[in-house]
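Here are some notes to read beside the model. Take them point by point, with the structure open.

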Amino acid sequence: MNRTTAKHLIERYFRQLTEGCGNGNCKNELCASCRDFQPLDKNSAAVRALELCKINAKLCEPKAPSTESDAQPADLNKRDFSDIHYLTENTVFMILSVCEEEGDYSALIRVIGKVFSNAGALVKSFRKEPIAAEALPRDEAQQESGQIGTSFSSADACEVTVDIDSVRRVYDRLQTMDQAEAALVNALVYLTPNVELDLEYLDAYETNPDYLNIFIILMENGNLHSPEYLEVALPQLCKAMSKLPVSALARLSKLWSKYDLPHLRRMMETFQQLITFTVVSQEYNAENLVNDDETVVAACKCLKVVFYASLVGGDVDVEHNEDDDSEESDSDELTLHELLGEERLYKKGPQVDPLEKELGVRPVDSRKPLIPFEDFVNESLNDVVEMDKDFTFFKVDAETKFSFQTCPFILNVVTKNQGLYYDNRIRMYSERRLTALYSMVQGQQPNPYLKLKVRRDHIIDDALVRLEMISMENPSDLKKQLFVEFEGEQGVDEGGVSKEFFQLVLEEIFNPDIGMFTYDDDTKLFWFNSSSLENEAQYTLVGIVLGLAIYNNCILDVHFPMVVYRKLMGKRGTYLDLPDSHPVLYQSLKELLDYGGNVEEDMALTFQISHTDLFGSPVLYDLKEEGEDIPVSKENRQEFVELYADYILNKGVERQFQAFKKGFLMVTSESPMKYLFRPEEVELLICGSRNLDFEALEKTTEYDGGYSKDSQVIKDFWETIHSFGQEQKKMFLQFTTGTDRAPVGGLGKLKMIIAKNGPDTDRLPTSHTCFNALLLPEYSSKEKLRERLLKAITYAKGFGML
């Protein structure tokens, strides 16, 4: 017997043990249809099926399936509904009518239990009437295929045979009956283990794509989030759904993306409620990880289907992608990481989610999803995820262990930043090991850190020369931990000096007098100067600085429009990015698009535009070949707007931006950042939060050297801080931490320390920015404390910070 035949026989025995042959008078004690048969769970049935195949046991012939015309009983007014093998809306309502007349609903309950507990019966239920494609004009057929409850064209990947509107009407009626609800719960508990087994071992979906109907029908149940389902039925449904192949999950996503918002949100909330319910009901620790909780994992995988449905159904831009030429060609030579057996931990490039690849849409492509991104974040789950363990699963044990970083939409920025932190630290540690190894082989002094020695009055020149040499000779050195030394100044860089280095570099680079960037007084944002005389190396330096800031967990005072971060993530700027970056231009172009008069005569525009260079002289540019001779009309104004935006955001600054991006990718190209974060989250990583909640900072601040929260000087200190204006609070943060922004997650994540620095004195307070530590003398009065503190934070640059 060959493998194919054996597999087929085992499948038949398994179905005989779980579903039976369909003959009510079956005498085979090895068949589920026999009255004397003892029901088996899915695992026992699988083992028993293998045993029966080996001994060539009796195999029942399955009862021939009824046709749609004769499957329903001829007379539904009879109490015996045993001939019903699948359901339609008419069948349910007719049975319900009979039951209402007799005042006994037991027959309906039996039919519901029978059909909803049987995968084959459910697959055939609630079919919609086919509409011949040739009977519809092409445009109408395509329109029909996009409506729920109507026929899809055969070429549509989300084509289904379920009449969803019919299913919804049936559920609406049944859910007014407690007995029917109980029958649905029990049926689901019985059905889902068998469905899970069918999908995992019997390739049920590949054999019959209509198997997806089961999940389409079950997910229309609006009560899945209720307590009756939460403990057993819904977890089992999620586990079964998570076994669907990627192609089936993609079909579900496309189908659900066409649903109206309340239905899609209800499904999202159902899975979220299951995750939250499970997490708060369990206790997790280093030995009992939430990653090992099958219910939470399965619910996250199901939630991912809804997440992508929200993307597909929203406003997406799958075009306008930057050409990604940053990937290095594969080499046949073994790297040192591979020789050390660490290639999985240091594999290059971001991962690609299989469902994302199947659907051809990424989170970065989404302009506005149906459901806001924030609604997919589950804070209860974020509280219990052990990110050090999860990171290992993500990078090393992905084939055997589940990592929540494969579902980044459910994680908040703080949690994802922890994952990025572990990745960065491990890479730094790796570079130290490699440096030590090379040094031993070559007999040289090891240099395990990225050391920069700069002069304060020549900081750009020194940093540029050093980083440019590193990027050309050994770019991997940029992955080492950064240490900065200011020439002529003593001190060890434990974070604070690096922070000051970043700040001074950015202050000089973004100085309008240098001309690398233009500044908009209205938006308070910088943009690349297309007429800049600076060479590309200067822009590469800016990109490296931004990458190093993320890599070394520093926050920068950078003011870029969001389109910069979208471009860093691989998207090109479009007209839709102009409101943020160039609001005045956007308003002008919008008025052009909305103009109702004669565009060509009234506006006298052509496809040639002009802008001023660094010296204020006009520069002409043709958006199209011979653009000066092409007037802008009502018919081509959309093209004009798109070409204008493309020039301003892409072509006009291509030289500057590509150099900037090159520097950024030198540091971050191997990081999972592109996979984990959306553009707005990357901005938060680089710039920190503008929301300064000093109440949260007070709650998390620790005290040392004899101070406590009840000390009088500490009470005076916080009263003083809370009385400061916004600018004074920023100056205090700058003095104490080296930056005037809150870290990712807010000031409550800062962990500031206030230490006693002697008795009352005229000395100013000092700080260790690398430890976020404030050294505060025990001043004799609140007034003196305020005066000393204000003087310290006002004149702190260059001294006072260690």
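1. Start at a turn in the backbone. Glycine 688, just after helix H31, takes a positive phi of about 75°. This is a predicted model, so keep that in mind throughout. Now look at the helix before the glycine. H31 covers residues 679-687, and seven of its nine residues are buried. That is why H31 counts as largely enclosed by the rest of the structure. The buried residues are Pro679, Glu681, Val682, Glu683, Leu685, Ile686 and Cys687.

2. Two other residues have a positive phi. Neither of these two is a glycine: alanine 604 has a phi of about 50°, and lysine 751 has one of about 60°. Alanine 604 sits in the loop between helix H27 (599-603) and strand S7 (608-612). Is alanine 604 buried or exposed? Alanine 604 is exposed, because its relative accessible area is 61%, and exposed means over 50%. Lysine 751 also belongs to a loop, the one between helix H34 (726-737) and strand S10 (753-756).

3. Step back to the whole chain. It has 35 helices and 12 strands. Of its 802 residues, 50% count as buried. Take the contacts with a separation of 6 or more: 72% of them join residues 24 or more positions apart.

4. Next, the nonpolar cores. The largest one has 101 residues. Which of them touch the most other members? They are Phe116, Ile214, Trp256 and Leu381. Helix H15 (residues 294-313) gives the most to this core, with 13 residues. Another core lies apart from it. That second core has 87 residues, among them Val364, Val454, Leu548 and Ile648.

5. Stay with isoleucine 214. Beyond its neighbours within four places in sequence, isoleucine 214 is in contact with Ala119, Leu122, Val123, Leu191 and Val195. Valine 123 deserves a look of its own. It is part of helix H5 (residues 119-123). Valine 123 is buried, because its relative accessible area is 5% and the cut-off is under 20%. Valine 123 and isoleucine 214 are 91 residues apart along the chain, yet their C-alpha atoms are separated by 5.7 Å. Valine 123 also touches Asn208, Asp210, Tyr211 and Asn213, again leaving out residues up to four places away in sequence.

6. Now the empty space. How many cavities of 30 Å³ or more does a search of the whole structure find? It finds four. The largest cavity has a volume of about 60 Å³. Its lining is made of Phe116, Tyr171, Leu184, Ala187, Leu188, Leu218, Asn221, Leu224 and Tyr229. By class, eight of these are nonpolar, one is polar and none is charged. Phe116 appears here and was also named among the core residues that touch the most other members. Helix H8 (residues 178-201) supplies the largest share of the lining, three residues.

7. Helix H8 also holds valine 189. Valine 189 is partly exposed, because its relative accessibility is 29%, which falls between 20% and 50%. Valine 189 and tyrosine 229 are 40 residues apart in sequence and 9.0 Å apart in space, C-alpha to C-alpha. Not counting residues up to four places away in sequence, valine 189 touches Val232, Ala233 and Gln236.

8. Two buried residues with polar side chains close the list. Glutamine 656 is in helix H29 (residues 654-668). It is buried, with a relative accessible area of 2%. What does its side chain reach? It reaches the backbone oxygen of serine 530, at 3.3 Å. Apart from its neighbours within four places in sequence, glutamine 656 is in contact with Phe528, Asn529, Ser530, Ser531, Ser532 and Tyr539.

9. Threonine 701 is the other. It lies in the loop between helix H32 (694-700) and strand S9 (702-704). Its relative accessibility is 8%, so threonine 701 counts as buried. The side chain of threonine 701 reaches the backbone oxygen of leucine 697 at 2.6 Å. Leaving out neighbours within four places in sequence, threonine 701 is in contact with Trp718, Met752 and Ile754.

Methods. Residues are numbered from 1 along each chain as its sequence is written. This is a predicted model: local features need pLDDT of at least 70, side-chain atom pairs count only at pLDDT 80 or more; totals for chains, interfaces and linings use all residues. Side-chain values use heavy atoms; hydrogens and water are left out. On a 1 Å grid over the protein atoms alone, a cavity is a set of points where a 1.4 Å probe fits but cannot get out, and a pocket is an open set with protein on both sides within 12 Å along at least five of seven lines; lining residues have an atom within 4 Å of a point. Grid points are joined across faces, edges and corners, and a volume is the space filled by probe spheres set on the points. Helices (H or I, at least four residues) and strands (E, at least two) are DSSP runs, numbered from the N terminus. Ala, Val, Leu, Ile, Met, Phe, Trp, Tyr, Cys and Pro count as nonpolar, Asp, Glu, Lys and Arg as charged, and the others, Gly among them, as polar. Buried means under 20% relative accessible area, exposed over 50%, partly exposed in between (1.4 Å probe, protein chains only). A polar contact is a pair of N or O atoms within 3.5 Å; within protein, one must be able to donate a hydrogen and the other to accept it, and residues adjacent in sequence count only if both atoms are side-chain atoms. Contact means heavy atoms within 4.5 Å. A nonpolar core is a set of buried Ala, Val, Leu, Ile, Met, Phe, Trp, Tyr and Cys residues joined through side-chain atoms within 4.5 Å.
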